[in-house]
Amino acid sequence: MWHSRRSFLRTSSGLALTSLVFPRALAVRGADPTFAALPFETLWRQTDASSDIPPVWGPTATQGIQEQYADSPGGQRLVQYFDKGRMELTDPNAGTVTSGLLATELISGKIQTGNATSKYGAVAQVPVAGDPDNTWPTYASLGKLQTLPPTEMGALVTRTYEPNGTFGGRLESVGDPLIKISTTDTVTGHAVPRAFAEFRDDPRHPLATIGYAITEPFWARVKVGGTVRDVMIQAFERRVLTYTPANAVPYKVEFGNIGQHYYRWRYDSAYSDKPVSPGVAPIFVRAVGSSSNPGLGAATSTGTTSGAYAAQNFQNGFMLYVGTTRKIYALEYAQHTMRTYDDTFVEGIDDAGGKPGPMANLTEPARGFGKVWRSDPAVQQSLGYATATERAIPDAPTQPFENGFVFLDATNKAVWMLNETGRRWYVASP
């Protein structure tokens, strides 16, 4: 469970993950965290022993967790999540503590599993700052800030980032010297305002803890303690920094609670955007990572190809045609089971089908779908009659998996996932 001087996470319906339980939020400080390793405690006490200054790691922590890391002994390394970051012990014999690239991973969905290996997940739809029920901005939304050119040296940060994804300007920024750009991280090409640059120059906040800037700084309206405030935000490789002019010194600049955010994204089932198998194409990660995944296994190709499909709605399911393999699938709503057939329809020889059904708005399927439907009474019984005309899905992005395939139906804005081995299927949002 989280061991704390101040617990922060909401109750999660008794959810237990790696022996962790989320306690209800408390507004008091108690005992120091329970540390998973002596090097973690040593580092924490160097920066967080005093409660009179903003914490570097925070007063609460999880138990130790063994996470996949190819370059650690046994392929696992000990980590511990704190409010504001993650401590890592990649080599227990060396005793060196590192700080994870949490912001980089939350924004990109690319999780480091070794010095040169990664797996892919959905970018995090988790709020960057403010109260837990704050909705803007999210880590997913910060990708747009990564492609902006650096703000000019000496310029004031006036850019606002609105919930509709547009940028505006903040007049209140004029006259505040702490929001003036004072340096540019040449490694990443992003400008850093004085408030964050001076904060990073503090010996308690070294580059190894924060990293280089990976977005441009911006302003957002953020709910903090139930009150909406103007907050300047910038993501760095490992952390997120916030500047709140209304705060008293020394709390104007603070670390965001990225340790909490990352843990929720990766382990809390209340968040649907879970990391998934390596190599999943970005347009499919949300669907493949959802609870509706029919057991596809690993991706067998890291890219996508273009496929042609046709689909038709029925009373109790769908029929699907795959142009590259000339296969027809009868997909039943009941238990999400499916049957597979070769498309043997011959134009001009076989019955074209498409006759009216027993009542208005119901028809028999035509052509290849119709031939399968008429030749197998089980399909008729399980699917019923067609409720719409057959529709083409041309040039659909497609990716193969160990047990089947997925494709994007842009017309219906849905990802179809078919497990050909297990004869199961699902349709999910992209």
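**Notebook: a sheet and two cores**

I started at a hairpin: strand 19 and strand 20 form one, with 2 residues between them. A reminder to myself that this is a predicted model.

**Entry 1, strands 19 and 20.** I looked up how the two strands of that hairpin run. Strand 19 covers residues 305-314 and is joined to strand 20 by 6 bridges, in the antiparallel sense. I also checked who faces whom, and found Phe314 opposite Gly317 in strand 20.

**Entry 2, strands 20 and 21.** Next I followed strand 20 (residues 317-322) to strand 21 (residues 327-332); they pair antiparallel over 6 bridges. Val322 has Lys327 of strand 21 as its bridge partner, and Leu320 stands opposite Tyr329 in strand 21. These two strands also make a hairpin, with 4 residues between the strands, and there I noted that Arg326 takes a positive phi near 55°.

**Entry 3, cover on strand 20.** How many residues of strand 20 are buried? I found 6 of its 6 residues buried. I kept in mind that in a regular strand the side chains alternate between the two faces of the sheet. So I listed the two sides apart: Gly317, Met319 and Tyr321 are buried on one, and Phe318, Leu320 and Val322 are buried on the other. Both faces of strand 20 are covered, then.

**Entry 4, the whole sheet.** I stepped back to the full sheet. It is open and has 8 strands, in the order 22-21-20-19-23-24-25-26, with antiparallel pairing. Why is one side of strand 22 and of strand 26 left without a neighbour in the sheet? Strand 22 (338-342) and strand 26 (424-428) stand at the edges, and each has a single partner strand, so one side of each stays unpaired within the sheet. I also looked up the twist, which averages 25° from one strand to the next.

**Entry 5, nonpolar cores.** I then turned to the cores. The largest nonpolar core has 31 residues, and Tyr139, Leu142, Ile233 and Val240 touch the most other members. At least two residues of this core come from each of strand 6 (76-82), helix 2 (102-108), strand 15 (218-224), strand 16 (227-235) and helix 6 (258-267). Helix 6 gives the largest share, 5 residues.

I picked Leu142 for a closer look. Leaving aside neighbours within four places in sequence, Leu142 is in contact with Ile107, Val128, Pro137, Thr215, Phe218 and Ala235. Last, I noted another core lying apart from the largest one; it has 29 residues, among them Trp44, Leu78, Ile181 and Ala213.

Methods: Residues numbered from 1 in each chain as written. Predicted model: local features only at pLDDT ≥ 70, side-chain atom pairs only at ≥ 80, totals over all residues. Heavy atoms only, no water. Pairing = 2+ DSSP bridges. Axes fitted to C-alpha atoms, helices over the stretch in contact; angles between N-to-C directions. Buried < 20%, exposed > 50% of the residue type's maximum accessible area, 1.4 Å probe, protein only. Core = buried A, V, L, I, M, F, W, Y, C linked by side-chain atoms within 4.5 Å. Contact = heavy atoms within 4.5 Å.
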